[in-house]
Amino acid sequence: MGADELRTYYDRPVLKAPTWRFWIPSYFFLGGTAAGSSLLAAGADAIGDARLRRAARVTALAALGGGAVALVADLGRPERFHHMLRVFRPSSPMNMGSWVLAAYGPAVGVAALADVSGRAPLLGKVATWSAAALAPAVATYTGVLVADTAIPAWHGARTVLPGLFAAGAAASSGGVVAAIVPDAAPARRVALGGVAAELALSSALVKSLPDDVGAAYLEGRAGRLRRAATGLSLAGAGTCAAGASMRAGRAGRLLTRFGGVAIALGAAVERFAVVEAGRASANDPRATIGPQRRTAAAKGIDGPDEGLAAQ
Amino acid sequence: MGTSFGRGGATTFQQDLQFSDCIVIMGSNMAECHPVGFQWVMEAKERGATVIHVDPRFTRTSAVADVFVPLRAGSDIAFLGGIVNYIIANGREFREYVGRYTNAGTIIEDEFRDTEDLDGLFSGWDPEQRAYDNTSWQYKDMPTAASAGSREVAGAHGQAAGSHGATHAGRPPHSDPTLEHPQCVFQILKRHFARYTPEVVEDACGVPRDLFVRVAEALCANSGPERTSAFCYAVGWTQHTVGVQYIRTAAIIQLLLGNIGRPGGGIMALRGHASIQGSTDVPTLYDILPGYIPQPHAREHQTLDRFVEEDAAPTGYWGNMKAYTVSLLKAWWGDAATEQNDFRFDYLPRITGDHSTYQSVLGMLDGWVHGFLLLGENPAVGSAHSKLHRRALAKLDWLVVRDLYEVESASFWYDAPEIESGELRTADIATEVFLLPAAAHTEKPGTFTNTQRLLQWRHQAVEPSGDRRSDLWFAYHLGRIIREKLHASTLERDRPLLDLTWNYPVAGETEDPSAEAVLREINGWDDRDQPLSSYTQLKDDGSTACGCWIYCGCYAGGVNQVARRKPAREQSWVAPEWGWAWPANRRLLYNRASASPSGEPWSARKQYVWWDAARREWTGADVPDFDLHKPPDYEPDPGARAGDATAGDEPFIMQADGVGWLFAPAGLVDGPLPAHYEPHESPVTNPLYSQQANPARDLFFRRENPYNDGDAYPFVATTYRVTEHHTAGAMSRTLAHLAELQPAMFCEVSPELARQRGLQHGGWATISTARTAIEARVLVTDRVRPLRVQGHTVHQVGLPYHWGTRGLTTGDAANDLFPLALDPNVHIQEVKAATCDIRPGRRPRGGRDG
Amino acid sequence: MAESGTERRVGFFTDTTLCIGCKACEVACKEWNDVPADGFDFLGMSYDNTGELSADSWRHVAFIEQVVPDASASEPGLRWLMSSDVCKHCTHAACLDVCPTGAIFRTEFDTVVVQADVCNGCGYCVSACPFGVIGQREGDGRAWKCTMCYDRLHGGLEPACAKACPTASIQFGPLDELRIRARDRVEELHERGVSSARLYLDGDNDGIGGAGAFFLLLDEPEVYGLPPDPVVPTRDLASAWRAAAASGVALVAGVALAFARDRR
Amino acid sequence: MRLGDLLGRWPVLRQLRARDGRGHGATVASPQTQQLHPRTEDADRVVQSICPYCAVGCGQLVSVKNGRVTGIEGDPDSPISRGRLCPKGAASRALVSSPGRLTTVKYRRPHGTAWEELPLERAMDMIADRIVETRARTWQDLDDDGVPVRRTLGFAHLGGATLDIEENYLLKKLYTALGALQIENQARI
């Protein structure tokens, strides 16, 4: 039995694969989109661009609404969703996220309603800026949530994942809002910047992991999704930029809209890729045992050569 | 066991195993089949004992044993005989014990011829009758009985013979204390086993020489005054055509090493069912009455006196057999049984041969057995050649099944494999079936007798619901109804029924008879109706009644001794006040042998029961298995009878000569000494004698029971249990938490056999014999090892037998594969070794006869 | 270190050298805790048809067949390892840390228990456990695992599995006492020549800060399906939050930049 | 329930009161959790019994509540089992309380294709008739050689070895009085 050869229990996973269904990556996408939109809304408010502000405010509310539905739908006992606020538990990113959402949600709602109804503009302003203040947390806590698990592909990437999710939030919110108001340059810039950051962090993430763990992102379903995400993002960014370069005109706007949607989709698929990679990583005993065997060896806990040989 | 020592029960008790210095587990997979009892083996191991497991398969027992010995199924006698030879050849026997406590010195008739002289047969073989005349096996100049030689009679009394020994031999006229006389037992033994050398063992069993020697040496090194070794066996020994002789060989080893009657020694018989010991003590068996009194035989036993004279030796405790029998007759027929009418001995139906269940099943097929009652039994899965049993059930007029669940034996008429295959059609089956729900162990009070002869009372926890009733209720009310139907009858044949004492107090709306009242009758009472306290009080004049003499005392003082529950921590490790053990609450049998002839403990380390010279009585950790006040130097006068005829230094008080039998002049129909014979179906020729198989084995040559011949079936099949299931499965396949742990019928094969036959791990295989073919999932494992026997490789196929057509997990029944081939002494089937073939894939649907 | 350990910390010491693989622990557990059956699949993993710990299997007996060179015998010997696995009741328990509802909490006995009346089935604990112990029950939606028979502990009874174990392979008691007993046991085994005997999770200095259930093994943990060097993910929670904070700031800055040119 | 009570049972408030910033311990326990106790404590009575599976003879404690078995555990007082049980013994509660158990008599008439219901009393009476009839039909006073045997070989009995000795005793006694010889049990198998 060579030290290089890893031993397992009938090749069965050491860990349990995530129970999360498609709702959860969907929420990661929608929550991020909402957060980015809240920032765009604040930005628009700052420069006094009412069209952009309304688009951003409404997008934030729509995305967050969808996200909330996804969150509840994934629960094993949906009727108990309110238990999320039963305790205050800092050690649980999901609990922390719940408290943040509890404050963020109403702000987003008020901001959008005030805008659409045209009433209480001041209240709307306050709500908009409060939502913007909470938005960075909403955009990034999901990265922490995923990283705070035993799954090697996630836990190993804990310093990168929040950034990746933040970048995704920028890309998707920028993309969606740009698709609604193609003329809004800031939205386009946020989208393109988001894509750039997303692609950079995505490859940084894989590089940050040892091969036996990082493989989860490159192979199988996760690998395919990730490549699709990259393709969509690049294509979207290109289209969007092209659209923007063609000064005004229906064609330019149309291209920008398409580009925005593609960018948003890319960000969405990227989230699914991350979740899939986690599933693959959990199901691969080598991804769990390999790195631990190395740390154990470093600590001097007996290695695979001992044991049998000692018999 | 009875033949060697005098009683048909484990000589020791499970807790005593912890004091063993060496434990040989053979013919048993104790860790899997008796896990909780196995804790005492683990205790011994932790105390430094050597645990040895000898078995065809590497099991969960082997996994924790110090030494595992892979053995070809069915070659146990060759292995054990090798140990006997090793002991004698190297002078390792416990000389003083052997000289004083066994019949080693006894001189045998000059006419006796051994297998050495007759190449595998003993003198007295009658090829016509396929039976032995054992006249020449007797002690020299001892009167012998006429019954010997008649297969019919001898064979008929298997269980009785298996329960008590020397029915005909008394105290031997000639013996040689030096053990030098050429016709003395010790010398005969020496010659008989001389050929069982390590080389022969290797050749016959496939056990490497050095490994065999390791075992033999461990046993010898851990025996003697300071140390003791124990044997544990189970159905891995009994379910063979030479099953009784397997146990005999172990008995010989234990006597030679001085391990009987001593703490940490003995032979532990591990029974598989809650009260299987109880069901032979208080038998529902054709050939014995309660307490191992033989069922009278038409030829030999027309009168009580003839019966006693034929069957009871004048000396030893069987000398009181008349008292035991008369007391039983009084218990059954009360006032109707008088001195004048021979205590209604004539009421007992007479046997005329083998009436065992396998005969009855053939009787069903042949149409002379019309009705069948099955109480908590499932032969459609659990009996050898279960297919033949299912076909027999389909030939009955009526069938009564009582069980907790609907078992295959009740549902065969619509879901038997033969229905699936078209061999039987439901509409053609004329059998009328009554399926009655039984009460569970929590729903009735009563007694189980466990594997160590311990009677333990169960208190009733709840009332059974619906139509659920105890078998006690069934027996009592069935008897009541039949008696009412016949009460006006004047027919002679109905007298026994109408004279029967059948008045038990009933209680509750279901009119449950009192189990305690029945236990009181089993215990017995005197003429003043006072409960007896010991079988020594039984009289042959009709003044005492006792339903089962060996249980006499279980209700002593009118107290249910069986229900005693003094916590273990509040009494000695022997725990004499927990339940009640037969006989006389003795936990370790023949414990007089734990002291030297002069009555002192053999050693301080192994002291158990000894003679207290000051108080002039036997004393120690247990109830002495001896007359309490009989001094070690007591010598019986020539005319002494029964117990008085046993000397103060003769520990085996049931034996006519008071000693353990290395050589059995009577009681066995297939030889006074064990000899290795091949299983009826074996892929190899007998390496020891030209006599291939046990010449006296029971065979049934008929169409429905074909035997495998030769090369078509090159492999050895052996059946067994796994921890997660229970016997035929009715009590485990039906329970989700057990069924999920072993969810499929499987077979275990070696990687070599898998390669040879192309069997896929996890896939399906079809195992076939001349009887039929079954299918199973394949478990390829190194735990099953091909063995080198006589230069060629023998492959073994392991088959758990828990599955049937019903339950949460279903599968084919392994017992379908096995033929009817029985041990001639006790008529137990051989399912631990037969030949078979195995092929990849599922069995053909439809016609199952592959 | 008990969070709220008003009672002495109790635990399991599973000595696999005494295990006979009878699975009494699995059945006793299910009978006491009314755990449903886990499916009737033939796994072909030696005698293991349970496969793994899960919502419906709170004890799992692993079976490992090994061919080993046996000096004393002419042919190689066999080793059949058996080990009853269970929830480790970690000192730093990931499932407890991440549980958002407080359904999972630390008891006065310093054990880790799921409250069935609180759990809303978010599934976070399932991904968090470094041992793959806790699972979500089909059709029920909630997360389940060994409670160390919390109800029995309240009555002063030992857990069902430990009580049933025929050979005392599963030992229950005050954790500190068990640890001393375990170390003596390993020494004794080494003296007997069982050099492969080693303890797993017997100290406080591992990645989970010590376990309430630890084991005496005869081979590496991974051979039994156990992680060789488990770490509670929340140990690194701070670094993840720091990364989150940084990315949050970057996000805000990025968006601000995007608007900078259009400020008027 | 009034809002006050609801708030009072909100663990977050309990955390505030207890200054518990982590919410890992007792503060987050539900009322139901706080009331947990062994169900055996609610038993009306606990009865000493013996395991019905193999012949080791392990002691069992049977807990009964409202006439139903609520639990079966090993009996620590037993010198043989010391409170321990194997998987089968541990499943005893399921064995006796499984819904799969038979509760009523089932009857299959000759050539019948389905089970029929039959009152227990009727069944017992019919069985008695079958035995009486078969016995009469197959009775032997003498065997072929004219030797008295006074028996019937017309029907047989095969019993399990989980029957109590009292049950076996009555069966053997009854069958012997009936002249029935082919009385056998598991010990032969």
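User: Where is the place of B:Pro583 in chain B?
Analyst: Good starting point, and keep in mind that this is a predicted model. The peptide bond leading from B:Trp582 into B:Pro583 is cis, with omega near -5°. As for its place, B:Pro583 sits in the loop between β17 (580–581) and β18 (609–612) of chain B.

User: Is B:Ala642 buried or exposed?
Analyst: Let's locate B:Ala642 to begin with: it is in the loop between β19 (617–620) and β20 (698–699) of chain B. Its phi is near 45°, a positive value in a residue other than glycine. Buried means under 20% relative accessible area. B:Ala642 has a relative accessible area of 6%, so it is buried.

User: In which strand is D:Arg150 found?
Analyst: Here is another residue other than glycine with a positive phi, near 30°. D:Arg150 counts as buried, because its relative accessibility is 12%, and the cut-off for buried is under 20%. The strand that holds D:Arg150 is β7 (residues 148–152) of chain D.

User: Which helix gives the most to the largest nonpolar core?
Analyst: That core has 222 residues, and A:Tyr104, A:Leu161 and B:Ile838 touch the most other members. With eleven residues, the helix that gives the most to this core is α1 (residues 23–47) of chain A.

User: How many residues are in the other core, which lies apart from the largest one?
Analyst: You can find this core through some of its members, including B:Met142 and B:Ala218. B:Phe231 and B:Leu255 are also among them. The number of residues in this core is 149.

Key. Residues are numbered from 1 along each chain as its sequence is written. Chains are lettered from A and ligands numbered from 1 in the order in which they are written. This is a predicted model: local features need pLDDT of at least 70, side-chain atom pairs count only at pLDDT 80 or more; totals for chains, interfaces and linings use all residues. Side-chain values use heavy atoms; hydrogens and water are left out. A nonpolar core is a set of buried Ala, Val, Leu, Ile, Met, Phe, Trp, Tyr and Cys residues joined through side-chain atoms within 4.5 Å. Buried means under 20% relative accessible area, exposed over 50%, partly exposed in between (1.4 Å probe, protein chains only). Helices (H or I, at least four residues) and strands (E, at least two) are DSSP runs, numbered from the N terminus.
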